[in-house]
Amino acid sequence: MNRSPSPEAGSATGTHPLLEIRDLAVEYRMGRKQTRRAVDGVSLTIHEGETLGLVGESGSGKTTIGRAVLGLAPVTEGSICFDGHELGNLGRKERREFSSSLQVVFQDPYSSLDPTKTIGYSLAEPLLSHGSDRADARREASAMLERVGLRAEDGARYPATFSGGQRQRIAIARALMLRPRLVICDEPVSALDLSIQAQVLNLMTDLQKEFGLSYLFIAHDLTVVRHVSDRVAVLNKGQIIEEGTSREVYERPQHPYTRALLAAAPVPDPARQRQRREARHAERALRTAGTKSNAVGDEGRLPERMTLGKAANHS
Amino acid sequence: MTIATSTENSAGPSAGGAGAAPAGVIHAILRTPVGLACLIYLAIVVVACAIAPWIAPHDPLFQDLHAIGKGPNAAHLLGTDMLGRDVLSRLLYGGAYSLGGVLTAVVVLLIVAVPFGLLAGYAGGRVDRVISRVIDVAMSIPVIIILLAVLTIFNRNMTAAMIVFGLLGSSGLIRVVRGNVLSVREELYIDAARVIGLGPAQIAVRHVLPRTSGAIIVHVSIFAAISLGVQTGLSYLGLGVPPPAPTWGGMVGDAATVIQTNPWLLVPSGGVIAITVLAFGLLGDVVRDATSERAKTATGRTRLARRRGATADQKPAAAVVRDATAALLEGPNSAALLSVRGLTVAFGADDAATTVVENVSFDIFRGECVGLVGESGSGKTVTALSVLGLLKRVGRITGGSVSLEGHEISGLPEREKRRFRGTEIALISQEPMVALDPSFTIGDQLAEVVRSHARMKNKRVSRAAARKRAVELITAVNIPDPEVVAKRYPHQISGGQAQRVAIAAAIAGDPKLLIADEPTTALDVTVQAEILDLLRSLQAKNGIAVLLVTHDWGVVADLCDRALVMYAGQIVETADINRVFQLPLHPYTKALLEASPHLAVEGEPLPAIPGSVPRPKDWPTGCHFAARCRFATEDCLAAPVPLLKVGEERASRCIHTDQLMPEGRLVPEAVR
Amino acid sequence: MTQLILRRLLMSIPLLLVVSLVVFVLGSLVPGDPAQTILGVDATPDAVAALRDKLGLDQPWYAQYFHWLSGVFHGDLGTSLYSGEPVVTTLAERLPVTLSLVSLSTLFCMVVGIGFGMLSAVRGGFLGRVVDTLSLAGLALPNFWVAVVLVTLFAVKLRVFPATGYTPLMTSPFYWIVGLVLPVCALSLAGIATIAKQTRSAVLDVLDRDYVRTFRASGVSEWSVLLKHALRNASIPVASVIGIHAIASLDATVFVENVFVLPGMGSLATQATLDHDLPVIEGVALYFTVIVIVVNLCVDIAYGLLNPKVRTA
């Protein structure tokens, strides 16, 4: 089931992998002696200019993968290769070289900006810390603010005076200040209202074209991920259980977990939703009949790596 | 007066929150009259004492034998003591000594506590453990006894004592700084700074320290108040500089000996200590209030909390119901289970009330499921809670009626409202984990609800019977091992189970209407599906009507029969569920549905709605959506737009519905 | 839970060692010769030397410390340099006074503070302002000054309570309590203020929680919401403030006992300081520390009982 990323996808578009994760495992310490494996044997590839969507429910380890790439979570096993350079467990000084090409946009727009600093400062700081002079940094910050749809004068204001959507634009602007090649987007729109979400997603797509960015797009919302991603990886309990192009994964899901996940997400169409619901109930009835024991675990979540007859085969 | 250890408490509440920029803190102090008064008083006292030799009217040691124990007079503004010495002059000179001691303690405190607190919080790991252990020990040292020892050893040298006091007191501030740093460290912008490539020292100084400054100022001002108490207390015991040198504490001591003949002397000496302590303490309060307010606006909102209803923005103008024509029908519909007419809700005090829900009317009939859909700030949650009369203190219903089966319920006193809560109308909240009391077991909480329903009906239910019913309820919401779960505390169960328990509590009284406020927003998608299934089966089995408050069109499509769409405090469209999705007849509904990535065309940008939802104080007189609407004309803003009837059982608050219809065949007519 | 208590108790051993060591080191730095102090200026050098030898004052401080420490394990805290009495005996006489003060004050503060806090949280308005004003006064007025004023008003002017002195509980419970009324009031003002304030903010905080709304929405009576859910959940932060007050009032006895001339440990410590009586200070410090440890332990236990997260962890 654990399909390795298809090499054809890269060669077809004629680009080399920008980020290559091999057998990544991340363990967190819980208390004194216990450890918890948040990510277990994950391999992923992202090509130049591509968006890889990473979906999973809470506790699936999707955020941890992003943090490991950024150096914010310890790499227990495996390797993270960025543009041919090994990133896993680099020291801070060595990592600094990559900080300009590897950036991040977080979920919570309320905590991702320092409330004690003006927006202008927050945007200029990445440049200043990489040796730009003050005037240049300020000019670039103003330009970037305008690029993401705010006014240059807004640089003098504090984060508290902006709405959630505006803050997320600012966070995106900050991420782009160093002209990165890969941006890790950790649930960038899940805190936003539907109408604002669309604005921000469009902005991210535009910026991707303009700056030639690659995205690792982490989210729990299946439809959002489908909309922005070229390829999608589905994560469950720290492992990738399915990976493929968006179309493949959404239209012909192979793994029962993916299918359950897709079936559970309600669609904004009453008639279709009724059909989907009935299909889901039918499948659940089938499943409980097939496996006499209580196959559906807590909250009806599927037990890990459950196989459903021939469904596991590739189509 | 309290002693060193109690400072820990002072900073406790604010420790979890965040601080603000130092400039912001000072600004906040100056903005409040109390803060300003305290600063001015302290400035005057400190300066006056510092320049005492130049401004004191008399020599503090000079004994005027002609003026012994005199009250306030022209020559001696605060009178003279029993040796004929000028009280004012002695206060000024003594102040330099007392306040100097406070300053010493505070400086030592800051020098020791801030770096160690930062270190413990930011470095974490072993460093943190060692520092925390040392603090634990230091917090239990009997401070006053140590000070007594120090005073003996250093021959009544108060400076030495205050240095030691600052040192011992620093453990409290280290804890506060550490706690603040730990919470700030969790914030995402710290991660962003690390990703940029900043080093730990740079991050600590640039991004962490400014956030803790509020808490530090709070702690320091209260510590200053306490050290002044201790310093004067020790002087009172005669352990400081020996007489006849003036000290504030010593003057209280002198006054105490002549309490019977000249009680006046207690007033200036005690007064100056009390007011100075008060000024320090109040300053701390002001800063704490200011920083915790900021913390709320800056970081208090999380993904889950954000979906609460409108914010309490202040608006100077009085709440005026602008839209008089919007009543769906004349008067409440007695055939409906719930009939809401012209409901208007305002936040804030009378003179500064802001209307957040405006003239909302709708009916819910037995057994049906109605979706109340809208984005944050639309007023949907406020509307739902007003039906139950459960608005928070700041909000109140300023107009309209809510009737249940033909009986008006909105104006009832609290006692009467209890009669229908739970038994007629029940509520399920958004965040299941906080909707249950963490201090009681699941079974106890359900049993309590069961018993209170029985009491309302003047029936007695024994503890055992209530307990049994609780287990039945847990079984009814499909939780495995109900007996075991009944004995658990809320923190021991999962979010999905907690929401099932909340539903069990809601159906305990066999209600006819269930108000579900974003019941699945905080849950994973597979759990959400289970909860929606549960609600559907309850609806089918018990014939409960459901008012589902949500922002998610998918959830509406899954569960609801009818939808009410809200935007900026108003209902903008109401229609049967199939028709809403097929042919939305309000530009907002249409735009919102289109903005969903679900219907997006691959490779094309999403049809986003420009701009953002206006805050209640910025609502225009006319259509609230006009500023973002592609069909808007001048007419839209000219006057309030009423809900217009468009076809059968459908209404839209738009004067351009014809443009939304394929052939413009339906002519909108006003709903009376 | 038991584990938590055991861990706490284990941690208090190094604490006791550190405190006694600090006091000892500080004490041994005290200028002047205790032997000379005891015998007075007229004593012959031989007599002083003999006493020094007897008291072990010729040995280095660490040797003295270990000597003292081994004594502690045998229940011997040395003898007072001033009175020549065993320190244990002196402290045994003094301890009940201080304990009476601290426990009565804590009890008083708890009852009045929580009552005021609840009332002002529920009623708000006028009562809220009364609590605010009271807390300001309670925090601002130095306790020794309050003590002096109380003596002036109630003992000297009105003559309803005695100004000074202490009657043991065993001798006469009535005079015991009458004698302690004024000192306890002087000690309690600040405690009442902080506890009332904390109670009010904690209760208001709980009343804003979703689960209170859940109970109200289920038709549970307001009394049950207040007394069962609000008070129970608010009591967790309040418990720690009560502990803090108990410790603060222990420190404050040093001042208050002096004003009311109560024969407690606080006044003993002051006198011992003036007398350079190291063994006594050492003993008082030890007793104070033990009381602090006990108070903290009580708070921890209360936490465990009140907070199921601690209990079930």
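This is a guided tour of a predicted model, moving from the places where its chains touch to selected elements inside chains A, B and C.

**Stop one: where the chains meet**

Begin by colouring the chains separately and selecting chains A and B, where 57 residues of chain A are in contact with 57 residues of chain B. On the side of chain A that touches chain B, the elements giving two or more residues include α3 (92-99), β6 (102-105), α4 (119-129) and α6 (164-176) of chain A. Select α7 (194-211) of chain A next, for α7(A) gives the most to this side, with eight residues. If you then colour the residues of this side by character, they divide into 23 nonpolar, 20 polar and 14 charged.

Now move to chains B and C, the pair that has the most contacts among the two pairs of chains that touch. Here 71 residues of chain B are in contact with 68 residues of chain C, and the largest share of the chain B side, 10 residues, comes from helix α7 (residues 143-153) of chain B. The residues on this side of chain B divide into 40 nonpolar, 22 polar and nine charged. To complete this stop, show chains A and C alone: they do not touch, and their nearest C-alpha atoms are 12 Å apart.

**Stop two: a covered strand in chain A**

Select residues 182-186 of chain A, which form strand β7, and note that five of its five residues are buried. Which residues lie on each face of β7(A)? On one side are A:Leu182, A:Ile184 and A:Asp186, on the other are A:Val183 and A:Cys185, and all are buried, so that both faces of the strand are covered.

Add the strands that pair with β7(A), starting with β6(A), which runs parallel to β7(A) and is joined to it by four bridges. Within this pairing, A:Gln103 stands opposite A:Val183 of β7(A). Strand β8 (residues 214-219) of chain A also pairs with β7(A) in the parallel sense, over five bridges, and in β8(A) the residue A:Ser214 is the bridge partner of A:Leu182. Following the chain from β7(A), you pass through α7(A) to reach β8(A), and this β-α-β crossover is right-handed. The helix in this crossover is the α7(A) of the first stop, where it gave eight residues to the side that touches chain B.

**Stop three: a helix in chain B**

Select residues 463-476 of chain B to show helix α16, which has 14 residues and reaches 20 Å from its first C-alpha to its last, close to the 20 Å expected at 1.5 Å a residue. Show the side chains of B:Ala466, B:Ala470, B:Leu473 and B:Ile474, which are the buried residues of α16(B). They lie on the same side of α16(B) because they cover an arc of only 100 degrees around the axis. To see what these buried residues pack against, add α15 (442-456), α17 (482-486) and α18 (495-507) of chain B. After α16(B) comes B:Asn478, whose phi is positive, near 60 degrees.

**Stop four: chain C as a whole**

Finally, select chain C in a cartoon view, where the secondary structure comes to 13 helices and zero strands. The C-alpha trace of chain C spans about 85 × 55 × 35 Å along its principal axes. Of the 313 residues in chain C, 45% are buried. Among its contacts between residues at least 6 apart in sequence, 73% join residues at least 24 apart.

Key:
Residues are numbered from 1 along each chain as its sequence is written. Chains are lettered from A and ligands numbered from 1 in the order in which they are written. This is a predicted model: local features need pLDDT of at least 70, side-chain atom pairs count only at pLDDT 80 or more; totals for chains, interfaces and linings use all residues. Two residues are in contact if their C-beta atoms, placed from the backbone, lie within 7 Å. Ala, Val, Leu, Ile, Met, Phe, Trp, Tyr, Cys and Pro count as nonpolar, Asp, Glu, Lys and Arg as charged, and the others, Gly among them, as polar. A residue is buried if 20 or more other C-beta atoms lie within 10 Å of its own, exposed if 12 or fewer, and partly exposed in between; C-beta atoms are placed from the backbone. Two strands pair if DSSP finds at least two bridges between them. A crossover is right-handed if, with the strands pointing away from the viewer, the path from the first strand over the helix to the second runs clockwise. The expected span of a helix is 1.5 Å times one less than its number of residues. The arc is that of the directions from the helix axis to the C-beta atoms.
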